[in-house]
Amino acid sequence: MSHTPVNRADPQTPHQDLHSEQGALRGEHPGRSRNPVIKAADLAWLEFEKPDLDRAEVFARDFGFAIAARTEAELWLRGTFAGSPCMVIRRGRASRFIGPAFRAAERADLDRLARATGSTVRDIGVPGGGQAVALLDPSGLPVRVVHCAEQLPALPEQEPLILNFGTDHRRTNITQRPPREPSRIQRLGHVVLETRVFARTLDWYLDTLGLIVSDFLFLDGQRGRGPTMAFIRCDQGSVAVDHHTLALHLGPGTGYVHSAYQVTDLDSIAAGGEYLGERGYQRSWGIGRHIQGSQLFDYWRDPDHFMLEHFADGDLFSCDLEPGWAPMSSSGLAQWGPPVTRDFLGANPSPAKLREVMTALRGDNELDPARLLGLMKAMSS
């Protein structure tokens, strides 16, 4: 991991030495909007299109989702926690990510958002019914803000194992035999998106949905040009929420990078990973523990090459913490675990990737040769 020396003479911030190595410098991005249109409560679900819903359902069950609803045209997936579904996959000609849906804190937020953006509140076909406002972020990605009429009831949980610690013996005369079965998804945690217009897209999510930044990453030697990645959480005041429900980073592409789903604990991650491996699915990277967010992680590819993550034990922040700042590096992605893979970094060369880079460099966006070189150095540092 790259280290930025901390000047101990500087004033201490609440997050100093907690979730990054150095806080903001004078004049840097504050990481939150002064007057957002609304404050979204959470990420509700993600929307995809795929041509083969049967294949998608097989992977979904192996990965640990439960089925909330299934028709010829739609597959709604859910976790065990009460609330909204985690994902909808609609039948389409090609496999593609459509966009995220965020959950409004209250129904009136949809009206407020519609007035501010010139949009319309419409009924949506989520199980149990609901309404939504459809928006576009500056990257051109469709974003829904939804309010569901009904919450899905909770399902039976995958019970955590009873563990012995040192002299703290909680299990005696009982063996430890966790079953080899799919991890049981509890809920959707976060989605990571790539954009060529990072600063504009970041500000849009802060100004429109009231999200706040937990951590910024910048390119080594280019901090003065601003951050190139942000881990962003919802603002629920004193209620501690996930370190990030959305992460954005600058890159030559636009759209989905991966999404993450909470499971019970490390044993659930590991046993579920063994289950996926035995069925021939491709692990992208894991098992390890991240730095930003601190969560235990394990990344997998579904049959359509979308990356999904099992995670557990992530950081929870209230609104009080200011953003941390740290240099971007591949070795700084994890506290422990195997070396990060080229598949996870999206660094495997291909004609499509080369076209994407050339298109981005010729376009009106925030990626230029200096930043591209900085990103390449970060991926190898």
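Reader: How do I read the range of contacts in this chain: what share of the contacts between residues at least 6 apart in sequence join residues at least 24 apart?

Author: Good place to start, and keep in mind that this is a predicted model. The idea is to ask how far along the sequence two touching residues lie. Here, among contacts between residues at least 6 apart, 69% join residues at least 24 apart.

Reader: Which residue could show me such a contact pattern?

Author: Try L206, which sits in helix α3, residues 198-209. Leaving aside neighbours within four places in sequence, L206 is in contact with H29, G31, R32, S33, P36, L211, I212, V213 and I232. You can also check a distance: the C-alpha atoms of L206 and R34 are separated by 9.1 Å, although their places lie 172 residues apart along the chain.

Reader: Is L206 buried or exposed?

Author: Burial is read from relative accessibility, and the cut-off for buried is under 20%. L206 has 2% relative accessibility, so this residue counts as buried. For the whole protein chain, 52% of the 381 residues count as buried.

Reader: How does the radius of gyration of the chain fit a compact globule?

Author: You compare the value with what a compact globule of that length would have. With 381 residues, that would be near 21 Å, and the protein chain has 21 Å, so the two agree. Along the principal axes, the C-alpha trace spans about 55 × 55 × 45 Å.

Reader: What does the surface consist of, and how are the charges placed?

Author: The accessible surface comes to about 17500 Å², and carbon and sulfur atoms account for 52% of that area. For charges, compare the mean positions of the two signs: those of the 41 positive and 47 negative charges are 3 Å apart.

Reader: How many helices and strands should I look for?

Author: The protein chain has 7 helices and 21 strands. To read strands, find which ones pair and in which sense. Take β16, residues 282-290: this strand pairs with β17, residues 296-301, in the antiparallel sense over 6 bridges. One partnership to find on screen is R283 with W300 in β17.

Reader: What links β16 and β17?

Author: They form a hairpin with 5 residues between them, and in the turn G293 has a positive phi of about 105 degrees.

Reader: Which other strand does β16 join through 2 bridges?

Author: That is β21, residues 334-336, which runs antiparallel to β16. Look there for R289, which stands opposite W336 in β21.

Key
Residues numbered from 1 in each chain as written. Predicted model: local features only at pLDDT ≥ 70, side-chain atom pairs only at ≥ 80, totals over all residues. Heavy atoms only, no water. Pairing = 2+ DSSP bridges. Helix = DSSP H or I, 4+ residues; strand = E, 2+ residues; numbered from the N terminus. Rg over C-alpha atoms; globule rule 2.2 N^0.38 Å. Buried < 20%, exposed > 50% of the residue type's maximum accessible area, 1.4 Å probe, protein only. Contact = heavy atoms within 4.5 Å. Areas by Shrake-Rupley, 256 points an atom, 1.4 Å probe, with all protein chains shown as cover. Lys, Arg positive; Asp, Glu negative; His and termini not counted. Charge placed at Lys NZ, Arg CZ, Asp CG, Glu CD.
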